[in-house]
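Student: I'm new to this structure and would like a close look at a single part of it. Could you pick one helix, walk me through it, and then show me how the rest fits around it?

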Amino acid sequence: MLSEVTVPKFAEGAVAITLKQWLCKKGDRVEEGAAIAEAATDKIAINIEAPAAGYVVELRAEEGRRVKVGQVIALLSSEPPEEK
Amino acid sequence: MDLGLIGYDEAFVIQAALHERWKRDEGLGTILFQENFHVVTLGRWASADNLLLSHEALAQRGVTIRNVSRGGDVTYHGPGQLVISPILKLREMAMGVHQYVRLLEQVVINLLATCGIIGHRVDGATGVWLGNKKIAAVGIAVKSGITQHGVAINVCPDLSYFEYIVPCGLRNKGVTSMQAQGIGALSLRQVRNMFLSEFSTAFGVEIVQDQLFPGRNESCCLK
């Protein structure tokens, strides 16, 4: 099952939210509630957390780029990635 | 909870523990008050160019330097400045971070108004200002939907310490204090009580005795 990681609604109203840093990479296992990215406005640092446990399938935003509330920035899968 | 005069590191350990507590406990959170020994803090993405003295020169003046988890650039904390950190469940308050910061500034504006000081906001810069001088600085972090850090009000600090940095990375702006505005007779404790009263009104929350610390007047939580 796939789950989407979005910029949280509590960041609403904050102008110019920038995705500062990923705290995970593709293939990583993350737990529910774990911080997977840091975002910020000029005075506010925000952790973006995993909505469910899973494996990082895709990171959809680049560090240093602006993001919006509700924007999907990553995909998690409940299934481990296939061994190659 | 009022920590009184305390080192930044020790106070941050307490702040982090309170943050963990409110992830578990019911209630809206708590407000932490502290006064720090001389310390310059660098926000998460601060520019080292905004330190105007070397680490050694600052150390010689008794100022420590810390990298901290809040947003914002460089700032100074020290005796005579009241640092206020609401540990607040924004999700339960159904409040966005921007709204939270604006309301926090409003609390300070209202507090100053009761002393006859007319503070205001400046477009594009957070905090509370008198003209182009900042009297209260804001920098926060949100983790698990709960706030950390907060606002620092210059009650009666030695403002010369701000000359060692470019506060918040803003050149051509100054700093001021309640004392410099002629309000010299207030203690930090009095300003704390005024803040609690204005915070309760602005945020629509009740300040109640913290059951974890019964009997301590300095210990409160939010309902």
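Tutor: Happy to. Let's start with helix H4 of chain B and its buried residues: B:Val97, B:Tyr100, B:Val101, B:Leu104, B:Glu105, B:Val107, B:Val108, B:Ile109, B:Leu111 and B:Leu112. Keep in mind as we go that this is a predicted model.

Look at the spacing in that list. An α-helix makes a turn every 3.6 residues, so residues three or four places apart point the same way. Now follow B:Val97, B:Tyr100, B:Val101, B:Leu104 and B:Glu105, which are among the buried residues of H4(B). Notice that a glutamate, B:Glu105, is on the buried list too.

What about the length of the helix? H4(B) has 18 residues, and at 1.5 Å a residue they should span 26 Å. The end C-alpha atoms of H4(B) are 26 Å apart, so the model agrees with that expectation.

Next, the two ends. Ahead of the helix, the loop between H3 and H4 of chain B holds B:Ala94. Its phi is near 55 degrees, a positive value in a residue other than glycine. B:Ala94 counts as exposed because it has 9 other C-beta atoms within 10 Å, and 12 or fewer is the cut-off for that word. After the helix comes B:Gly116, whose phi is also positive, near 85 degrees.

While we're on positive phi, here's another case in chain B. B:His149 is not a glycine either, yet its phi is about 60 degrees. This histidine sits in strand S10, residues 146-154 of chain B. Is B:His149 buried or exposed? It is buried, because 28 other C-beta atoms lie within 10 Å, and 20 or more is enough to earn that label.

Back to H4(B), which also has a part in the meeting of the two chains. The contact between them takes 22 residues from chain B and 17 residues from chain A. On the side of chain B that touches chain A, the elements giving two or more residues are helix H3 (90-93), helix H4 (97-114) and strand S9 (133-143). Which element gives the most to that side? That's S9(B), with 6 residues. Sorted by class, this side of chain B has 8 nonpolar, 10 polar and 4 charged residues.

S9(B) also pairs with a strand across the chain boundary. Strand S5 of chain A, residues 44-49, is joined to S9(B) by 3 bridges, and the two run parallel. To find the spot, look for A:Ile46, which stands opposite B:Val142 in S9(B).

Since we've crossed into chain A, let's look at some of its own strands. One open sheet there has 4 strands in the order S1-S8-S6-S3, with antiparallel pairing. Its edge strands are S1 (2-6) and S3 (29-30), each of which pairs on one side only. S1(A) is joined to S8(A), residues 72-77, by 5 antiparallel bridges, and within that pairing A:Leu2 has A:Ser77 as its bridge partner.

Then there's strand S2 of chain A, residues 17-22. S2(A) has 2 bridges to strand S7 (residues 66-67), running antiparallel, with A:Ile17 opposite A:Val67. S2(A) also has 4 bridges to strand S4 (residues 35-40), again antiparallel, and there A:Gln21 stands opposite A:Glu38.

Now step back to chain B as a whole, the setting for our helix. Chain B has 5 helices and 13 strands. Its C-alpha trace spans about 45 × 35 × 35 Å along the principal axes. A compact globule of 223 residues would have a radius of gyration near 17 Å, and chain B, at 16 Å, agrees with that. Buried residues make up 45% of the chain. Of the contacts in chain B with a separation of 6 or more, 72% are between residues 24 or more positions apart.

For one example away from the helix, try B:Ala46, in the loop between strand S3 (39-42) and helix H2 (55-60) of chain B. B:Ala46 is buried, with 23 other C-beta atoms within 10 Å. Leaving aside neighbours within four places in sequence, B:Ala46 is in contact with B:Asp73 and B:Val74. B:Arg70 is 24 residues away from B:Ala46 along the chain, and their C-alpha atoms are separated by 10.0 Å.

Technical notes:
Residues are numbered from 1 along each chain as its sequence is written. Chains are lettered from A and ligands numbered from 1 in the order in which they are written. This is a predicted model: local features need pLDDT of at least 70, side-chain atom pairs count only at pLDDT 80 or more; totals for chains, interfaces and linings use all residues. The radius of gyration is taken over C-alpha atoms; the globule rule is 2.2 Å times the number of residues to the power 0.38. Two residues are in contact if their C-beta atoms, placed from the backbone, lie within 7 Å. Ala, Val, Leu, Ile, Met, Phe, Trp, Tyr, Cys and Pro count as nonpolar, Asp, Glu, Lys and Arg as charged, and the others, Gly among them, as polar. Two strands pair if DSSP finds at least two bridges between them. The expected span of a helix is 1.5 Å times one less than its number of residues.
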